[in-house]
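Biologist: I'm new to this one. Could you walk me through how to read the place where two chains meet?

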There are 2 protein chains.
Amino acid sequence: MSSERSAKRSGRRPGPTTTRDAIAEAARRQFAELGYDRTTMRGIAGEAGVDAALVVRFYGSKDALFREVMALPPGIADAMAGLADGPRATVGRRLAEVIVGMLENPRSRSIVLGRIRSASSHPDAAALVRETVTRDVGRLAVALTDDEPETRAVLVGSQIVGLALARYIVRVEPLASMPAADVIDYIAPAFQHYLVGTLAAD
Amino acid sequence: MSSERSAKRSGRRPGPTTTRDAIAEAARRQFAELGYDRTTMRGIAGEAGVDAALVVRFYGSKDALFREVMALPPGIADAMAGLADGPRATVGRRLAEVIVGMLENPRSRSIVLGRIRSASSHPDAAALVRETVTRDVGRLAVALTDDEPETRAVLVGSQIVGLALARYIVRVEPLASMPAADVIDYIAPAFQHYLVGTLAAD
């Protein structure tokens with residue numbers, strides 16, 4: 001994964017990217033903005049400044065390209081899993097920090113929005129969303145409690161996708177223009193409740 | 001609005017529907033399942049068993065058709081507005097009942113999912129989602145409190161769209177197969193918190 005390496009090494013403004021990186025970046029941006037159906041190999045090639053045949057040569061099909069560039073950086077799953085080690089009383093806030101951090105980073109935001117925008121029409125995208133919720137959030141929930149961890153994970157997951165959709169796709173105010181720190185403040189109590197609170201009050 | 005009347009009069013299994021009703025129903029179903037981009041006048045006509053020219057004659061453009069069939073039944077906005085009159089301690093549960101009821105009803109579910117599925121590519125759909133959140137949920141929030149009602153409305157709205165996406169589009173388990181009564185139990189405390197709780201604990 002040379003794109004992973006170069007992104008890590010150089011941060012927000014990478015130096016000379018490889019052609020493969022440029023294609024991956026254009027693909028992520030277009031999947032995020034247009035969704036799977038309206039994204040074309042030709043369009044990606046155009047944005048990356050290469051011939052469409054090169055995109056096919058590097059990545060094969062659009063489907064294979066989607067799967068490769070839409071993988072979340074492993075750091076995010078690791079960060080979520082590590083949250084169970086900290087104080088239980090603030091785990092909701094720490095999860096909110098990881099999630100909002102993921103959504104504010106342009107690269108991982110593209111991945112999350114690309115998956116959500118594509119989930120309606122592309123089974124692989126829906127599968128990736130399900131996998132993140134049940135595996136990554138699920139792992140955290142299981143580490144925290146044996147009281148319905150799967151239900152807790154999907155409730156957290158529903159709030160994450162709803163947040164992403166409302167803030168970045170539908171852009172409902174005041175959420176769309178809110179500073180990230182405020183989003184963390186507002187979302188943290190819901191995560192705290194879903195993760196370790198009394199689930200259903202009856 | 002003959003479609004509103006006939007649906008109200010006859011409930012789930014209407015008697016003879018008019019051609020206009022049949023077109024509206026096919027359109028709602030296809031917008032909900034395919035989203036705006038992949039829905040065609042021809043496809044709607046095919047499902048309704050009429051000629052595409054008739055769809056154009058009745059509704060004009062695809063855009064106009066979308067706007068007309070994607071209006072939420074006025075009963076839902078009225079029900080939400082009325083919730084402020086009941087006991088404050090259970091307003092979250094009553095809102096959860098209205099929202100889950102809306103999502104479990106095939107007709108209003110089609111409208112909600114059609115809007116969400118179309119919001120990525122069709123500005124009108126995104127505008128409808130924003131409008132429901134800021135106007136309908138907003139009206140309830142304003143009636144309940146003067147402590148950041150707009151923020152409360154959008155937090156509730158983000159949980160509603162996330163619930164719809166996770167349960168009906170991405171279909172994450174155990175949420176996808178959960179009985180509606182359980183969904184109400186699980187979502188009610190989050191709504192209660194967002195509507196009348198202490199918003200950000202800091």
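**Reading the interface**

Modeller: Sure. Bear in mind that this is a predicted model. Let's begin with polar contacts: across the interface of chain A and chain B, 10 residue pairs make one, both partners being at pLDDT 80 or more.

Biologist: Which helices of chain A each supply at least two residues of the side that touches chain B?

Modeller: They are helix 2 (19-38), helix 8 (106-119), helix 9 (123-144), helix 10 (149-169) and helix 11 (180-196). Helix 10 gives the most, with 12 residues. By kind, the residues on that side of chain A divide into 24 nonpolar, 8 polar and 11 charged.

Biologist: How many salt bridges are there between chain A and chain B?

Modeller: The count is 2. In one of them, A:Asp37 pairs with B:Arg38, and their closest N and O atoms are 3.0 Å apart.

Biologist: How much area do chain A and chain B bury between them?

Modeller: About 3,500 Å², with 65% of it on carbon and sulfur atoms. On chain A's part, A:Ser120, A:Val170 and A:Tyr186 supply 17% of the area buried against chain B, more than any other three residues.

Biologist: And what rotation superposes chain A on chain B?

Modeller: One of 180°, with 0.0 Å of shift along its axis and an RMSD of 0.0 Å. That is how a two-fold axis relates two copies. The same surface serves both: 100% of the contact residues of chain A recur in chain B.

Biologist: Which residue of chain A comes closest to the rotation axis?

Modeller: Look for A:Gly162, whose C-alpha is at 1.8 Å from that axis.

Notes:
Residues numbered from 1 in each chain as written. Chains lettered and ligands numbered in written order. Predicted model: local features only at pLDDT ≥ 70, side-chain atom pairs only at ≥ 80, totals over all residues. Heavy atoms only, no water. Least-squares fit on C-alpha atoms with pLDDT ≥ 70 in both. Contact = heavy atoms within 4.5 Å. Buried area = accessible area lost by both parts, 1.4 Å probe. Salt bridge = Lys/Arg side-chain N within 4 Å of Asp/Glu carboxyl O. Polar contact = N/O pair within 3.5 Å; in protein donor to acceptor, adjacent residues only side chain to side chain. Helix = DSSP H or I, 4+ residues; strand = E, 2+ residues; numbered from the N terminus. Nonpolar A, V, L, I, M, F, W, Y, C, P; charged D, E, K, R; others polar.
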